Structure formats: structure tokens, C-alpha cells
Amino acid sequence: LREKINKNEKMFLKKAIIKGITMVGKEKIRGILQPFKNHWISKDDIQIIMDSIAAAYKEKGYYEKMETVFYKINRNTLTITVKERNN
């Protein structure tokens with residue numbers, strides 16, 4: 001019943017695409033996304049994913065290289081784009 005009430009605030013995530021990441025390894029990104037695949041996610045969950053990506057940059061010492069992180073949802077696909085600084 002709870003999921004029906006909150007259905008407009010959540011979406012079922014079938015696929016997640018991360019674009020623009022060059023400084024953090026693919027395995028790290030897969031680990032960040034794994035708990036959210038094939039589940040109902042909310043905007044808070046998406047924020048957790050984006051914060052985790054930022055933390056991975058910070059952990060590697062590249063936090064200042066990350067300019068912005070934003071997302072787009074198209075049907076059941078979440079696309080997160082990381083824009084890195086060129087300097």
C-alpha cells in the first residue's frame with residue numbers, strides 16, 4: 001500500500017547510465033549503483049547516488065576536478081552526467 005501511495009514520487013529503475021566519469025573506476029560506479037537497480041527509487045535515492053559519486057571523486061583526490069553532477073529520467077532509465085573540469 002505504501003508504494004501505491006508514493007508511486008508518483010518514485011520510479012522503477014531498470015537501467016542506470018553514468019556519463020562523463022573518467023577519474024573514478026567503473027567497478028566503483030557499479031558498486032554505487034548496484035543497490036538501486038531493479039528497485040523503486042525516489043529523488044532522495046538519486047541524491048544519494050550523486051553524493052556517492054562525489055565522495056568517490058573526493059576519495060581519489062579528484063574532488064576539485066568535478067564541476068557538476070546532474071540527472072535525467074527517461075521512462076525507467078536514470079542517466080547521471082558528471083561534468084569534469086579540464087584544468
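Q: What makes the charged end of Lys58 count as sitting over the ring of Tyr63?

A: In this predicted model, the charged end of Lys58 lies 5.9 Å from the centre of the Tyr63 ring and sits over that ring. The distance part of the criterion asks for NZ of Lys within 6 Å of the ring centre, and the value of 5.9 Å satisfies it.

Q: How do you know how many aromatic pairs the structure holds?

A: A search of the whole structure was made, and it returns zero aromatic pairs. To be counted, two ring centres would have to lie within 6.5 Å.

Q: Why is strand β5 called largely enclosed by the rest of the structure?

A: Strand β5 spans residues 77–84, and six of its eight residues are buried, so the strand is largely enclosed by the rest of the structure. Buried here means under 20% relative accessible area.

Q: What makes β2 and β5 a strand pair, and in which sense do they run?

A: Pairing requires at least two bridges, and strand β2, residues 15–19, shares five bridges with β5 in the parallel sense, so the requirement is met. One of the partnerships joins Lys19 to Thr81 in β5.

Q: What makes β4 and β5 a pair, and which residues stand opposite each other?

A: Strand β4, residues 66–74, is joined to β5 by eight bridges, and the two run antiparallel; since at least two bridges are needed, they count as paired. Thr68 has Lys83 as its bridge partner in β5, while Phe70 stands opposite Thr81. In the hairpin of β4 and β5 there are two residues between the strands, and Arg75 takes a positive phi near 60 degrees.

Q: Which residues touch the most other members of the largest nonpolar core, and which elements contribute to it?

A: The core has 21 residues, of which Ile49 and Ile53 touch the most other members. The elements giving two or more residues to this core are β1 (10–13), α2 (26–33), α3 (43–60) and β5, and α3 gives the most, with seven residues. Leaving aside residues up to four places away in sequence, Ile49 touches Ile32, Leu33, Phe36, Leu78 and Ile80.

Q: How do you know where Ala16 lies and what it touches?

A: Ala16 has its place in strand β2, and its C-alpha atom is separated by 5.6 Å from that of Thr77, although the two are 61 residues apart along the chain. With residues up to four places away in sequence not counted, Ala16 touches Leu33 and Leu78, contact being heavy atoms within 4.5 Å.

Conventions: Residues are numbered from 1 along each chain as its sequence is written. This is a predicted model: local features need pLDDT of at least 70, side-chain atom pairs count only at pLDDT 80 or more; totals for chains, interfaces and linings use all residues. Side-chain values use heavy atoms; hydrogens and water are left out. Buried means under 20% relative accessible area, exposed over 50%, partly exposed in between (1.4 Å probe, protein chains only). Helices (H or I, at least four residues) and strands (E, at least two) are DSSP runs, numbered from the N terminus. A nonpolar core is a set of buried Ala, Val, Leu, Ile, Met, Phe, Trp, Tyr and Cys residues joined through side-chain atoms within 4.5 Å. Rings of Phe, Tyr and Trp (its six-membered ring) pair if their centres lie within 6.5 Å; planes under 30 degrees apart count as stacked, over 60 as edge-to-face and the rest as tilted. A charge sits over a ring if NZ of Lys or CZ of Arg is within 6 Å of the ring centre and within 35 degrees of the ring normal.
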